[in-house]
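Here's a quick tour of a few residues worth a look. Keep the viewer open and follow along.

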Amino acid sequence: MQVPFSVEARSVSLQEARSLYFGRGELPEALLDQNVLRSWERCRQAGLDPARIECGEPNVRVVAEARERNRTLMSHAQPVLEHLFEQIRNSHSMVILADARGMVLQSYGDADFLSRADQVSLHPGASWHEFERGTNAIGTALAERGAVNVFGSEHFFEGNAFLTCSASPIQDAQGRLMGVLDISSDFRAFQRHSLGLVKMSSRIIEKRLFESEFAHQGLLSFHTRPDHVGSLCEALLAISADGDLVGADQAALELLGLRREDLPRRHYSMLFDVPLGTLIDRARRDPSSLIAISGRNGERFYARLRGNFASMPTGSPSLVDTKGERVTRPAKAEPAMTPAMAHASMTLKSLSTGDERLQAAIDKGTRILGRDIPILIQGESGAGKEMFAKAFHNSGPRALGPFVALNCAAIPETLIESELFGYSGGAFTGARKEGAIGKIQQAHGGTLFLDEVGDMPLSLQARLLRVLQERCVTPLGTNKSIPVDITLVCATHRRLKEEVARGGFREDLYYRLNGLCINLPSLRERSDIDRLIDKLLREEAGPDRKVEVSHKVMQAFLSYRWPGNIRQLNNVIRVAIALLDDDEDVIETWHLPDDVFEEIGEITPAACTASAMMRPGSAPIMTDARNAAPAASAAATNFGRLEEIERDMIQRTLEAENGNISSAARRLGISRNTLYRKLGRF
């Protein structure tokens, strides 16, 4: 065989290196790859003899047991192994799969080379761990946790010097070492591309393992180059229905600058600017399309979402409680907003509409931005406590972090603990096998908002206090403490000081939460209702439509008691705009929801006729002789029941308006909902 000069020269160089190392005890650093030199040192410290000769017959029972232990690896690696051998067939080589202990599980090779490999026990059942076989590609790749070449006399044992081997480790979906893939051949047939082939093939196996592990999750494929998405170069993230990061391959960790131990404290919204719901919608419309997203440091990625998300709704997912029953997750328990949404949304400055008491609260919140001071917001239900908390988050240095909200009153007591602290797989009956990250961890680097904290069970108050003191959280079912960095904002409609006095709330936790106490005024106490209404109208109607309320409605709003506060006002505005016809831009009393309409006192059943007759700008119902009958019926209230008169009037009005419900409701001075309800009753 004609020996290439480069191979011959390398062999001479290695003989010099062995002479220096084994003969004189010197380190031939200039002559050896550092991976090999470190391996030689490990072998010498382990007391291995370089002249040792290894041989032996394979143990069938040992091979069977090893293959059973590594069934998952074998099932995903087998087709790759066969394909790889097809690429190197007739090159005096063999392909080897070994487990994490270095034991050979499977091999394919050319017959002429297999006979030589058997002489050094390079066959299934043999261990090629470094401490068993000295420096070799399989054992050294496992020790170095990286791809290596071991050429000729770089093998620690002299009897293995006829080999040249290229190996690459295989990691499972959690980053644990699972095995190693190797190409071995006669050193005289050395091929430079062998290392590239095993690296590519091990990557294929790792990808198959990752996709199998997270088959029931959403898989986000992304890269800085669009042509790399869908290739072996792509990065993969596994994302739960809640947006939790449950897995990441090595490429994803490197592109995002994360460590694997960071994953439990990360949420999708902490990494990318495009909302997860947008990706889900895109995946459902066009599964093959790419979408541009930006990372936290401004990196531009191209991404595609696939897997379980493509067929699931974007609404709130369900949970499993401790009894194994499924319950719907309240909307407020969702991680609230991505940073991109937050910046386009409210800030403390945007909340200012002129009320003195609200402005005082805004000024206090502004002064402590960026300081490690917890906030306790008190106020009636619907007064805007969560709105204030979001604005505080968006105004400070943590705006790029997550805003995670949990309503302590909206979740069953049996679920609050797991929601807040998270849990490991199998921590309780019905727990997901992969576990779940709690809201405290999700809020790492951002803000945790605990709404209705006064309703938190006493048993959990002690655990929350410990988290705030130690800045660590311990998920259920584990003893591992995970550091967290959060700003805490709490809210309650209760008077916590009174709850402390009666024993319903821990005093030590109260003073820990009450760094700054902010009392929000109720809507009926505010002096800026008209400006707030204008603001809500602009937000709800959009930039292309100008909607306003009539003078009568505004006066009614100013005098109304608003038991539901801002939440109720916002709903009233939304309903009223929805009830406007396309050619209408002024909200009148009949556009209001029925309950508000009736409470304002604009209409009662007995006043239907008067309201319809007297409403400014309305046309009279009786316009010709044809309508004389309803007028006579209305005048003859002593001779008929009120309900019959009302029904007759509605029927005549509908006839006059050719069955147009909206026009009839306007002429009668009632809302469309009320008219529909009355028609249903009739």
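## Before we start

Helices here are DSSP runs of H or I with at least four residues, strands are runs of E with at least two, and both are numbered from the N terminus. With that in hand, Ser 121 can be placed in the loop between α5 (111-118) and α6 (130-133). One thing to keep in mind throughout: this is a predicted model.

## Two positive phi values

Most residues other than glycine have a negative phi. Ser 121 is not a glycine, yet its phi is positive, at about 60 degrees. Is Ser 121 buried or exposed? Its relative accessibility is 1%, so Ser 121 counts as buried, given that the cut-off for buried is under 20%.

Glu 452 has a positive phi too, near 50 degrees, and again the residue is something other than glycine. You'll find Glu 452 in the loop between β18 (447-451) and α18 (458-470). Its relative accessible area is 10%, so Glu 452 is buried.

## Arg 42 and its partners

Now hop over to helix α2 (residues 34-45), where Arg 42 sits. This one counts as partly exposed, because its relative accessibility is 22%, and partly exposed covers the range between the 20% and 50% cut-offs.

Which side chains make polar contacts with the side chain of Arg 42? Glu 130 is one of them, at 2.8 Å, and Glu 144 is another, at 3.1 Å. Both glutamates also turn up in the list of residues in contact with Arg 42 once neighbours within four places in sequence are set aside, and that list also has Phe 131, Thr 140 and Ala 143. For a sense of the distance along the chain, try Thr 135: it is 93 residues from Arg 42 in sequence, while the two C-alpha atoms are 8.8 Å apart.

## Asn 136, at the start of a helix

Asn 136 belongs to the loop between α6 and α7 (137-144). With a relative accessible area of just 1%, Asn 136 is buried.

What does the side chain of Asn 136 reach? The backbone nitrogen of Gly 139 is 2.9 Å away from it. The backbone nitrogen of Ile 138, for its part, lies 3.0 Å from a polar atom of the Asn 136 side chain.

Beyond the residues within four places in sequence, Asn 136 touches Trp 128, His 129, Glu 130, Ala 141, Val 150 and His 155. Glu 130 is worth a second glance in the viewer, as it is in contact with Asn 136 and its side chain also pairs with that of Arg 42.

Definitions and conventions: Residues numbered from 1 in each chain as written. Predicted model: local features only at pLDDT ≥ 70, side-chain atom pairs only at ≥ 80, totals over all residues. Heavy atoms only, no water. Buried < 20%, exposed > 50% of the residue type's maximum accessible area, 1.4 Å probe, protein only. Contact = heavy atoms within 4.5 Å. Polar contact = N/O pair within 3.5 Å; in protein donor to acceptor, adjacent residues only side chain to side chain.
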